[in-house]
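Reader: I'm more at home with gels than with coordinates. Could you walk me through how to read a fold?

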Amino acid sequence: MNSFQFLVAVTASCGGLLFGYEVGVMNVVLVMDAFRIFFNLCTWDGSKLNADGINIEDKSSKDKVPFYRDLKPTDSKSFIEGFITSSFVLGALCGALLASYLGEKYGRQKTIMIGACIFAIGGILQGSSIRNYIMIAVGRLITGLSVGCNSVLCPTYISEVAPAKIRGTLASCYQLMITLGIVIAAIINAIVWYFTNIKPDDLNTPRTKIDAEISNFEWRFALCLQAIPGIALAILMSFLPKSPRWLCSKGRDEEAVQILAKLNATSVEDELVQSELRAIQEDVAATVAAGSSSVAELFSSVIRRRTFVVFFIQLFQQWTGVNVIMYYQSQIYNEMGFTKFLSTIVLPVVNNLVNFISTFPGMWGIEKFGRKTLLIVGAIMMMIFHILTWAFSTQTSKGEFWKYLSVISVFLYVFAFASTWGPTPWVYQSEIFPLRVRVKGSAVGTMSNFFNNWIIAFVGPALMKMWGTRSFLLFATCCLLAFLFASFFCVESKGLNLEEVDAMMSGKAAGKA
């Protein structure tokens with residue numbers, strides 16, 4: 001791999017940074033006092049909590065020093081919280097639907113640029129929302145459109161410019177950037193929360209109305225900040241080349257060979273460049289001979305197995321429970337008995353760092369051990385850690401030791417996910433379809449991801465309210481099903497170029513099952 005290939009892959013992967021920031025920002029914004037009051041998630045009558053989260057008027061409270069506002073949840077809290085959070089994922093689902101058309105008509109590179117600009121607009125709309133949860137939901141839906149579209153096109157674009165031997169590693173950069181975006185959002189917003197929610201200036205100010213607004217700077221700043229990475233990605237993408245495979249599909253072979261030469265740091269006459277060009281041209285010729293593709297082709301006898309696999313691999317990725325943790329982790333830690341400071345600042349930042357760092361072994365292992373092995377091993381590990389989290393959480397009333405065992409189990413689950421099921425489905429779906437339906441096929445996987453993500457995000461608050469930490473048993477069961485699915489339905493595509501993967505999935509060449 002040369003420096004230009006690396007630069008192209010990393011820049012395109014920054015589409016995942018937008019996704020990650022959007023996921024990470026909501027975990028903290030949802031527990032910002034001003035946001036909760038503004039959107040009627042909670043009310044505040046002026047009562048106060050000490051550093052341990054106990055009302056200072058409570059007889060059991062020995063510490064009478066006020067630290068936090070004592071907010072009371074409204075009856076509509078779970079619904080509004082789920083509606084606002086899930087609207088982003090609904091937008092992403094629609095964005096994935098649009099990706100196929102836009103990616104084929106305007107190209108991967110240009111569509112990613114457009115998506116980045118839309119993301120910036122959505123972030124500004126969220127941060128400038130009026131006191132109606134519908135408006136912020138619309139803003140999140142718009143950012144979702146961008147993320148859904150780019151979640152299809154960024155991995156596809158990377159897979160089409162990357163050499164076969166490291167394609168999986170470079171494509172998994174997208175997942176790495178998602179985790180980096182979550183870390184950045186967690187750190188920035190934890191700092192904002194610390195200075196605006198601990199001993200706030202209005203803590204001792206008399207309240208005349210329990211739903212009266214307080215300063216909304218904290219959450220408006222956090223959400224408007226999304227415009228910066230969106231604009232930055234649009235600018236950076238303008239310097240990257242178009243996909244050579246897309247150019248060939250449009251009859252622009254001369255441009256394609258120039259880009260292939262640049263990607264391989266050699267001349268257009270080099271045998272490696274000519275060999276790659278011939279393979280792409282043959283694939284394009286076969287595609288043209290068969291006529292234009294349609295959605296119905298995804299369910300043809302040759303393709304439907306791949307469509308089935310990418311749909312369910314993304315379904316199981318979401319039902320491992322990762323986004324319940326990422327969206328609502330502060331509330332989960334609070335349920336386990338941790339203080340407000342630890343639940344909101346310390347533990348989410350640690351967890352998000354674990355998520356980010358754990359992606360590196362996944363990037364290495366995806367080429368070392370293969371896609372299928374990571375899926376199988378990861379599913380087993382996640383199932384075990386979910387069961388342990390539930391078991392330890394039932395003992396938290398017996399002391400601090402059990403609380404920390406519970407949270408360590410959550411961290412270990414996140415490690416297992418980020419190093420296996422985090423990157424692998426995105427890599428897998430970008431490489432198993434033939435060129436003629438590659439974007440459409442990837443869109444099916446991405447739509448499955450976001451549809452199930454939307455369900456999880458919407459029902460998550462109600463699920464945690466009803467079941468508490470028993471929810472982890474549900475996700476453990478889903479991990480068991482994911483293990484069975486990976487074992488019996490997934491094939492290995494490690495080390496094969498895209499044309500060889502296509503031949504193997506079509507039954508034209510031997511492959512490892």
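Author: Sure, let's begin with overall size. The radius of gyration is taken over C-alpha atoms, and the globule rule is 2.2 Å times the number of residues to the power 0.38. Keep in mind that this is a predicted model.

Reader: What radius of gyration does the protein chain have, and what would a compact globule have?

Author: With 513 residues, a compact globule would come out near 24 Å; the protein chain has 24 Å, so the two agree. Along its principal axes, the C-alpha trace spans about 80 × 45 × 40 Å.

Reader: How many of the residues are buried?

Author: Buried means under 20% relative accessible area. Of the 513 residues in the protein chain, 59% count as buried. The chain exposes about 19600 Å², and carbon and sulfur atoms supply 67% of that.

Reader: And which helices and strands should I look for, or how many?

Author: The secondary structure comes to 22 helices and 4 strands. For contacts, take residues at least 6 apart in sequence: 81% of those contacts in the protein chain join residues at least 24 apart.

Reader: Let's zoom in. At what angle do H1 and H2 pack?

Author: Angles under 35 degrees count as roughly parallel. Helix H1 (residues 3-13) and helix H2 (residues 15-29) pack at about 30°, with axes 4 Å apart, so H1 and H2 are roughly parallel to each other. Thr11, Ala12 and Ser13 of H1 make the contact with Gly15, Gly16 and Leu17 of H2. By class, that contact has 2 nonpolar, 4 polar and no charged residues.

Note on methods
Residues are numbered from 1 along each chain as its sequence is written. This is a predicted model: local features need pLDDT of at least 70, side-chain atom pairs count only at pLDDT 80 or more; totals for chains, interfaces and linings use all residues. Side-chain values use heavy atoms; hydrogens and water are left out. Axes are lines fitted to C-alpha atoms, for helices over the stretch in contact, and angles run from 0 to 180 degrees between N-to-C directions. Helices (H or I, at least four residues) and strands (E, at least two) are DSSP runs, numbered from the N terminus. Angles under 35 degrees count as roughly parallel, over 145 as roughly antiparallel, 65 to 115 as roughly perpendicular and the rest as oblique. Contact means heavy atoms within 4.5 Å. Ala, Val, Leu, Ile, Met, Phe, Trp, Tyr, Cys and Pro count as nonpolar, Asp, Glu, Lys and Arg as charged, and the others, Gly among them, as polar. Buried means under 20% relative accessible area, exposed over 50%, partly exposed in between (1.4 Å probe, protein chains only). Accessible areas come from the Shrake-Rupley method with a 1.4 Å probe; for residues, only the protein chains shown count as cover.
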